Each structure stands twice: as C-alpha cells, then as structure tokens.
Amino acid sequence: MKQKINTQDFKASSFEEAFFNLNQTYIHPTAIVGDQVTLEENVKIGPYCVVVGKVTIKSGTRLHAHVAVGFPAQNVGTKASLGSLEIGENCEIREFASIHASKYPDGKTIIGNNCYIMSYSHISHDCVLEDNVTVINNVNLGGHTHVEKNVILMASSAAHQFCKIGQFTALAPFSAIRQDLPPFGIFSGKPAGFAGLNLIGLKRAGFTRENLNALKSVTKLFYQDKLLLEQIEIQAAQEPWGNDPHVQKFLTFIKTSSRGVSRLTITDTENSFTI
C-alpha cells in the first residue's frame, strides 16, 4: 500500500529524525514520486530523489539523497519507462545511485531483499540482484546482468550485459567481466581472472572445512589443471568431495552458463588487484 506522511509536520531541522528514526513511510518534500509508484511500510525517500514509472519499493528500504529510480533504460530508441522495477525489503540505496526500469513492457528489473547499493552505482534495465548483494561505489552493471545472492561487487567494477555472477562471489575493485563468474570465488583484473575462493565470505556464511576443501578440489581442476568439464564430472563422481552440494552448484553453474565461463586466473590478466 502506498503511504505518505505530511512533510509539513516536520521542521527542516527534524529531517534526521524522520528519515532515520521514524517508523513510518517518509518522503522528503524535495523528492519526486510518480503516480504509479507503490511504497510499502517504513520506506524512506530522501532529499532530491526521483522515483518514476511502475516501481514497487518494499518495507524498510531507504533511498538516500539524489537517488534516481525507474527511469527509462539507457537504450537507443527507448523514450519512456516501459516495464516495471521492484526493490525488496530493507535495502539501502545510497547517494546518486541509479536503477532503471525494464525496457520491455512485460519485463522487470529486480532488486532483492537486504541489498546495499552504494553511491554512484548504476543498475541497468532488466538486471536481477538476488538477496544480500553488496554493490560498492561506482559499480556499473550492464542490462540483464544477473547477480546471485551474497555477492560483493567492489568499487568501480563492471559487468557486460547478460553476464551472470554466481553466489558468494567477490569481484575486486576496478575489475571488469564479459563472461559469467562461477560461485564462491574471488575474481580480479580486466578481464577478471580467478584469484581463489572467497574464504572470508564463505567462512562467515558457515561453510565447513569439508565444504571449503571440496571447493578447492573442484576449482583446482577447473582453473589450474584446466580439465574439460566432462573430465571434472567423472573425477568428482569418484571422489568424496564430488558429493558436496556446493561443488554440484559450481558445476551446474558452468554447465548452464549462457555466455560461457572464462578460465583466466589472475596470473593471466593485466591490472589485477592484489587481494
């Protein structure tokens, strides 16, 4: 349900109280919110934000100052917001970030729950960010990029359109991708190469020593030994680590990749970020 409160009830000096502490939907008087926008409970729209088109923002999400949401896709020939855009619960959208609507009338740009999108980042039309994605300053995601849960995209990194980034992956600062990134790894460089497992993120998420050793085994075969996928699957079927569910997710991601998965490592790439 769309909710607004009377901003005249707040003095200018009480903006911080209204935005950060009030348990109610709040729209700053300088913000522009279109007629097709739906805001759930306790959504905050900060100063000079513009939210237009068929946008739904779910409860607890906050748009900080100067955020632009729902504008037409940055696509030659697209003159209006056509499809919809949905932002999940408890997201933080920081200053000057932009998130565009789908360029198709029946399409949708989706931001999941508990995502943190930092300043000056751009989420293009028809992107999907699953839950708990962190997008650090100045990240640029091309149209139709799909980012799985618990991914961290570090400052000034970029993804080509239609790329997919697997769960728990971390992309290092100033890196760029033009193919899909499998789950569970750290990638760095232009184009990004595999730098190892995202051990800190995986340990924080409760991955066991056995899980990590299993992933080390399969990523060694894929990135270091560069075996064919069929050879890796045969070996996985003969080893105890092959039954690990995360190993199966890793292999399934590669098999179902539409853009292909690069086998570069950081030793193969230039301008790699030291991790």
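## An aromatic pair across the chain

In this predicted model, Phe 168 and Phe 207 are both buried. Their ring centres lie 5.3 Å apart with planes at 75 degrees, so the pair is edge-to-face. Phe 168 sits in the loop between strand E21 (164-165) and E22, while Phe 207 sits in the loop between helix H2 (199-204) and H3, so the two rings tie together parts that are 39 residues apart in sequence.

This pair belongs to a wider set: searching the whole structure turns up 12 aromatic pairs. Ring pairs also join Phe 187, Phe 194, Phe 222, Tyr 223 and Phe 250 into a cluster.

## The ten-stranded sheet

If you trace the strands, you will find an open sheet of 10 with mixed pairing, in the order E1-E4-E7-E10-E13-E16-E19-E22-E24-E25. Which strands stand at its edges? They are E1 (26-27) and E25, each with a single partner strand, so one side of each has no neighbour in the sheet. Helix H3 packs on this sheet, where it touches E24 and E25, and its direction makes about 150 degrees with that of E25.

Towards that end of the order, E22 (residues 170-171) and E24 (residues 185-189) pair in the parallel sense over 2 bridges. In one of these, Ala 170 has Ile 186 of E24 as its bridge partner. The loop between E24 and E25 holds Pro 191, and a cis peptide bond joins Lys 190 to Pro 191, with omega at about -5 degrees.

## The seven-stranded sheet

Another open sheet has 7 strands in the order E3-E6-E9-E12-E15-E18-E21, and its pairing is parallel. E3 and E21 stand at the edges with a single partner strand each, so one side of each is left without a neighbour in the sheet.

Within this sheet, strands E15 (residues 128-129) and E18 (residues 146-147) run parallel and are joined by 2 bridges. Val 128 finds its bridge partner in His 146 of E18.

## The nonpolar core

As general background, nonpolar side chains tend to be buried together in soluble globular proteins. Here the largest nonpolar core has 64 residues, and Ile 45 and Leu 129 touch the most other members. Strands E6 (54-57), E9 (84-87) and E25 (192-197) each supply at least two residues of this core, as do helices H3 (209-224), H4 (229-238) and H5. H3 gives the largest share, 7 residues.

What does Ile 45 touch, once residues up to four places away in sequence are set aside? The list is Phe 19, Tyr 26, Ile 27, His 28, Ala 31, Val 33, Leu 39, Val 51, Ile 57 and Leu 63.

## Two buried residues and their surroundings

Phe 253 lies in helix H5 (residues 245-255). With a relative accessible area of 6%, Phe 253 falls under the 20% limit and therefore counts as buried. Beyond its neighbours within four places in sequence, Phe 253 contacts Glu 148, Lys 164, Ile 165, Gly 166, Asp 180, Leu 181, Pro 182, Pro 183 and Val 261. Gln 238 is 15 residues from Phe 253 along the chain, and their C-alpha atoms are separated by 20 Å.

Val 37 is found in the loop between strand E2 (32-33) and strand E3 (38-39), and is buried at 2% relative accessibility. Val 37 and Thr 56 are 19 residues apart in sequence, with 5.9 Å between their C-alpha atoms.

## Cysteines

How many disulfides does the structure hold? The count is 0. For Cys 49, the nearest cysteine sulfur is that of Cys 91, 14 Å away. For Cys 115, the nearest is again that of Cys 91, at 4.7 Å; a disulfide requires sulfur atoms within 2.5 Å, so Cys 115 is in none. Both residues are buried, Cys 49 with a relative accessible area of 0% and Cys 115 with 1%.

## Positive phi in two loops

Two backbone angles may catch your eye. Tyr 120 is not a glycine, yet has a positive phi of about 65 degrees. Tyr 120 lies in the loop between strand E13 (116-117) and strand E14 (122-123) and is partly exposed, at 48% relative accessibility.

Asn 150, also not a glycine, has a positive phi of about 65 degrees. Its place is the loop between E18 and strand E19 (152-153), and at 23% relative accessibility Asn 150 counts as partly exposed.

Notes
Residues numbered from 1 in each chain as written. Predicted model: local features only at pLDDT ≥ 70, side-chain atom pairs only at ≥ 80, totals over all residues. Heavy atoms only, no water. Helix = DSSP H or I, 4+ residues; strand = E, 2+ residues; numbered from the N terminus. Buried < 20%, exposed > 50% of the residue type's maximum accessible area, 1.4 Å probe, protein only. Contact = heavy atoms within 4.5 Å. Core = buried A, V, L, I, M, F, W, Y, C linked by side-chain atoms within 4.5 Å. Pairing = 2+ DSSP bridges. Axes fitted to C-alpha atoms, helices over the stretch in contact; angles between N-to-C directions. Phe/Tyr/Trp six-rings, centres within 6.5 Å; stacked < 30°, edge-to-face > 60°.
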